[in-house]
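Open the model in your viewer and keep the sequence panel beside it. The tour goes from one selection to the next and says what is there.

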Amino acid sequence: MSVSNIEHASPRATSDDFKEAMSRVSYSVSVVSTYFSGRPYGKTINTLTPVSAEDPSVLISLFRKSEITHNIIESGTFCVSVLGEAQKCIAENFARSSDHGNPFDRFEWGTLATGAPYVYGAVACFDCTLVETLHHASHTIIIGRINAILDNSRQPLLHHRRAYRPCAETIIQ
Ligand SMILES: Cc1cc2nc3c(=O)[nH]c(=O)nc-3n(C[C@H](O)[C@H](O)[C@H](O)COP(=O)(O)O)c2cc1C
């Protein structure tokens with residue numbers, strides 16, 4: 001059945017409409033990272049998406065002009081560390097501009113197969129080799145083939161309605 005007059009339907013799709021509607025979706029929170037030119041780089045992201053279990057792979061979407069986007073393309077490797085609910089502080093630090101220093105100097109990290117850094121204590125880590133990039137508007141979509149996985153039974157940190165939330169929290173607004 002086609003309904004033409006849905007409550008709250010908007011005929012427009014502006015940037016603000018997009019941001020408001022997308023804020024209603026719950027996301028995982030991760031740090032994407034790479035090792036380039038002798039040092040680790042990392043950024044907070046919410047765009048981790050599984051692509052295929054047949055050839056284990058993920059995609060992420062990064063602001064095209066971010067330093068880390070350039071560095072991942074140059075190094076050809078990256079790691080995605082899915083943060084746990086006790087790691088909100090790590091998410092906040094990796095979302096700040098590089099003027100505040102390198103968060104990898106303050107938080108523990110290690111490496112898996114590729115040499116890209118992962119965040120200690122993360123819920124899951126996906127260590128990847130870059131296989132494809134697609135530029136669209138302001139962002140670059142990066143697909144990575146997974147070489148190594150770490151996972152544990154901790155609860156993940158979520159992002160919903162522009163705030164970090166523990167997984168168990170019920171959101172009623
Ligand atoms: C919860 C959250 C999710 C984010 N997700 C992304 C993302 O998926 N891709 C992205 O490019 N930036 C994302 N950002 C923004 C980056 O973490 C960072 O703040 C932004 O790229 C500016 O850093 P820069 O000036 O070093 O590029 C997110 C920020 C927050 C707080």
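Select Arg 161, which is found in the loop between β11 (157-160) and β12 (163-166). The model you are looking at is predicted. Phi of Arg 161 is near 50 degrees, a positive value in a residue other than glycine. Is Arg 161 buried or exposed? Arg 161 is exposed, with 11 other C-beta atoms within 10 Å; the cut-off for an exposed residue is 12 or fewer.

Now select the two strands on either side of Arg 161. β11 and β12 form a hairpin with two residues between them. The two strands pair in the antiparallel sense over four bridges. One of the bridge partners to pick out is His 159, which is matched with Tyr 164 in β12.

Add β1 (residues 27-28) to the selection. β1 and β11 also pair in the antiparallel sense, over two bridges. Here Tyr 27 stands opposite His 159, and Ser 28 has Leu 158 in β11 as its bridge partner. His 159 therefore has Tyr 27 opposite it in β1 and Tyr 164 as its bridge partner in β12.With β1, β11 and β12 all shown, you have an open sheet of three strands in the order β1-β11-β12, with antiparallel pairing. β1 and β12 stand at the edges with a single partner strand each, so one side of each is left without a neighbour in the sheet. Strands of a sheet pair through backbone hydrogen bonds, either parallel or antiparallel.

Next, show the other sheet. In what order do its seven strands come? The order is β3-β2-β6-β9-β10-β5-β4, and this sheet too is open, with antiparallel pairing. Its edge strands are β3 and β4 (49-52), each of which pairs on one side only. On average, neighbouring strands of this sheet are turned by 35 degrees against each other, direction ignored.

Stay at one edge and select β2 and β3. Seven bridges join these two strands, which run antiparallel. Look for Tyr 35, which stands opposite Pro 40 in β3.

Now bring in helix α2, which packs on the sheet. α2 touches β2, β3, β5, β6, β9 and β10, and its direction makes about 55 degrees with that of β2. Which residues of α2 (residues 67-75) are buried? They are Ile 68, Thr 69 and Ile 72. Turn the view to look down the axis of α2: the buried residues fall within an arc of 105 degrees, so they line one face of the helix. What covers these buried residues includes β2 (30-36), β3, β5, β6 (77-82), β9 (124-136) and β10 (139-151). Just after α2, select Gly 76, which takes a positive phi of about 75 degrees.

From there, go to the loop between β9 and β10, where Ala 137 lies. Ala 137 has a positive phi of about 50 degrees although it is not a glycine. Ala 137 is exposed, with 6 other C-beta atoms within 10 Å.

For a contrast in surroundings, select Ile 90 in helix α3 (residues 88-94). How many other C-beta atoms lie within 10 Å of Ile 90? There are 24, and Ile 90 is buried; the cut-off for a buried residue is 20 or more. Leaving aside its neighbours within four places in sequence, Ile 90 is in contact with Val 31, Leu 83, Phe 107 and Val 119. To get a sense of scale, draw a distance from Ile 90 to His 136: their C-alpha atoms are separated by 28 Å, and the two residues are 46 apart along the chain.

The last stop is the ligand. Which residues are closest to the ligand? Of the 15 residues that surround the ligand, the closest are Ile 45, Asn 46, Thr 47, Phe 63 and Ser 66. Colour the shell by class and you will find five nonpolar, eight polar and two charged residues. Finally, highlight β3 (39-45) and β5 (57-63), which each supply at least two residues of this shell.

Conventions
Residues numbered from 1 in each chain as written. Predicted model: local features only at pLDDT ≥ 70, side-chain atom pairs only at ≥ 80, totals over all residues. Near = placed C-beta within 6 Å. Nonpolar A, V, L, I, M, F, W, Y, C, P; charged D, E, K, R; others polar. Arc of directions from axis to C-beta. Contact = placed C-beta atoms within 7 Å. Pairing = 2+ DSSP bridges. Axes fitted to C-alpha atoms, helices over the stretch in contact; angles between N-to-C directions.
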